[in-house]
Amino acid sequence: MSNYQSDLLRLLETRGYIHQLTDAEGLDALAAKQVVPGYIGFDPTAPSLHVGHLVSIMMLRQLQKAGHKPIVLMGGGTGKIGDPSFKDEARKLLTTDLIAQNVASIKRVFERFLTFGDGPSDACLLDNAEWLDRLEYIPFLRDIGQHFSVNRMLSFDSVKLRLDREQSLSFLEFNYMILQAYDFLELSRRSACRLQMGGSDQWGNIVNGVELARRVDGTQVFGLTTPLLTNADGTKMGKTVGGAVWLNEDQLSHYDYWQFWRNTADADVASRLRLFTDLPMDEVNRLAALEGAEINEAKKILANEATALCRGVDAAQAAAETARRTFEEGASDANLPTVSLGEGLTIVQATTGLGFAASNKEVRRKLTEGAIKVNGDVVTDPAATLKAGDKLSFGAKKHGLIVA
């Protein structure tokens, strides 16, 4: 453990948020003597963020808990380009109207994690379209572009990997890192922002912003990244056969969100408790030390705490009760995920519709293995049809209802 003086860096390090820092000593000294405004950017590429964004959201929460000011930056401007970092191909370009709809939808989740207001450590939400949409091309090239070396930009892993694979990187995407750096400069000027945080894949972009602020304004700002979060088996956290684990309830039911955390692998319980709950570290350590069947109690606590933060206490309690009744009493419950009954809805269609399997082929394989049940009875016929009120079970942990 490092010998940090500030509550901020001690808290972030203890809970496992720190991977890289541009100047640990400088940031530590600043955070020990004043309120530090810090930001993270979120591009509105979908109507909801997903659990892959949750480390960043929780880091803003920890920043506020340590007495500092979180800035949520919506990428209404950068979202029109799309971050190419570690992507195999260009993002699909979104219309201005769709970006605006996504921004409006995404904003809601932050109110559950952060306290917004006008106080020194109250959170604020900004949109980089406010300044990026007004940029004039030639002045921007002259004033900002001169501070970027193409040679250096090509050396960043996020770009280098794409080029090494001989995958196309458009000039549009190549500009993204310059715009993100400019965001940091603009926030430094507008909001005295001194810290940008993000995932480890953002390191190159963050460093560019730190250097741009120094070169243009002579301002010292700082960068911090979190570790790449993977499951114990090496897979990326948040990726499931049913797709992304969305934070908005209109994208994913409370029960499915709760169940995602309940299904955490034993080896991942400790890190998930540290990063995604507000539990004190002594309680985190106590729960992480549980073994055998007792670890399931730790997983339920993790699911309750994480769901309460994102969806509210009532949603967490309802999901936990649904799980208890489903698994302990074998009962159906209206809070289970549902799929609407279509004409002649087959078991294959219902299973993929509930997001329990990624393909029809996977459903057929599970049918032959006897892993799919309807109302408690094993079903093996892929053409079997369902009726309203049927409960479909996929393995031991996934259950859904057929509704009219």
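This section describes the overall form of a predicted model and then the packing of several of its helices.

The secondary structure of the chain comprises 18 helices and 13 strands. The radius of gyration is 23 Å, close to the 22 Å that the globule rule gives for 404 residues, so the chain is as compact as a globular protein of that length. Along the principal axes, the C-alpha atoms occupy a box of roughly 70 × 45 × 40 Å. Of the 404 residues in the chain, 49% are buried. Among contacts with a separation of 6 or more, 73% join residues that are 24 or more positions apart.

Three helix pairs were examined in turn. Two packed helices are described by the angle between their axes and the distance between the axes. In the pair formed by helix α3 (residues 54-65) and helix α4 (residues 96-113), the axes come within 10 Å and cross at roughly 45°. The two helices α3 and α4 are therefore oblique to each other, and their crossing is right-handed. On the α3 side the contact involves Leu54, Ile57, Met58 and Arg61, which meet Phe110, Arg112 and Phe113 in α4. By class, the residues of this contact of α3 with α4 comprise 5 nonpolar, no polar and 2 charged.

A second pair consists of helix α12 (residues 254-262) and helix α15 (residues 295-311), whose axes come within 8 Å and cross at roughly 140°. This angle makes α12 oblique to α15, because only angles over 145 degrees count as roughly antiparallel. The crossing of α12 and α15 is right-handed. Helix α12 contributes His254, Tyr257, Trp258, Trp261 and Arg262 to the contact. From α15 the contact draws on Asn296, Lys299, Lys300, Leu302, Ala303, Asn304, Ala306, Thr307, Cys310 and Arg311. The residues of the contact of α12 with α15 divide into 7 nonpolar, 4 polar and 4 charged.

Helix α12 also holds Phe260. With a relative accessibility of 17%, Phe260 counts as buried. The C-alpha atoms of Phe260 and Thr307 are 9.7 Å apart in space, although the two residues are 47 positions apart in sequence. Thr307 is itself one of the α15 residues that take part in the contact with α12.

The third pair involves helix α13 (residues 269-276), which is mostly covered, 6 of its 8 residues being buried. The buried residues of α13 are Val269, Ser271, Arg272, Leu273, Leu275 and Phe276. Elements that cover these residues include α3, α12, α14 (281-288) and α15. The cover of α13 thus draws on members of both pairs described above, among them α3.

With α14, helix α13 forms a pair whose axes come within 9 Å and cross at roughly 160°. That angle makes α13 roughly antiparallel to α14, and α13 passes α14 in a right-handed crossing. The contact is made by Ala270, Leu273 and Arg274 of α13 together with Met281, Val284, Leu287 and Ala288 of α14. In this contact of α13 with α14, 6 residues are nonpolar, none is polar and 1 is charged. Leu273, which belongs to the contact with α14, is also among the buried residues of α13.

Two loop positions complete the description. Ala192 lies in the loop between α10 (176-191) and β5 (195-199). The phi angle of Ala192 is positive, at about 55°, although this residue is not a glycine. Ala192 is partly exposed, with a relative accessible area of 37%. Leu345 is placed in the loop between β9 (338-340) and α17 (347-353). At 8% relative accessibility, Leu345 counts as buried. The C-alpha atom of Leu345 is separated by 43 Å from that of Gly77, and the two residues are 268 positions apart along the chain.

Notes:
Residues numbered from 1 in each chain as written. Predicted model: local features only at pLDDT ≥ 70, side-chain atom pairs only at ≥ 80, totals over all residues. Heavy atoms only, no water. Axes fitted to C-alpha atoms, helices over the stretch in contact; angles between N-to-C directions. Helix = DSSP H or I, 4+ residues; strand = E, 2+ residues; numbered from the N terminus. Parallel < 35°, antiparallel > 145°, perpendicular 65-115°, else oblique. Left-handed = near helix turned anticlockwise from the far one by under 90°. Contact = heavy atoms within 4.5 Å. Nonpolar A, V, L, I, M, F, W, Y, C, P; charged D, E, K, R; others polar. Rg over C-alpha atoms; globule rule 2.2 N^0.38 Å. Buried < 20%, exposed > 50% of the residue type's maximum accessible area, 1.4 Å probe, protein only.
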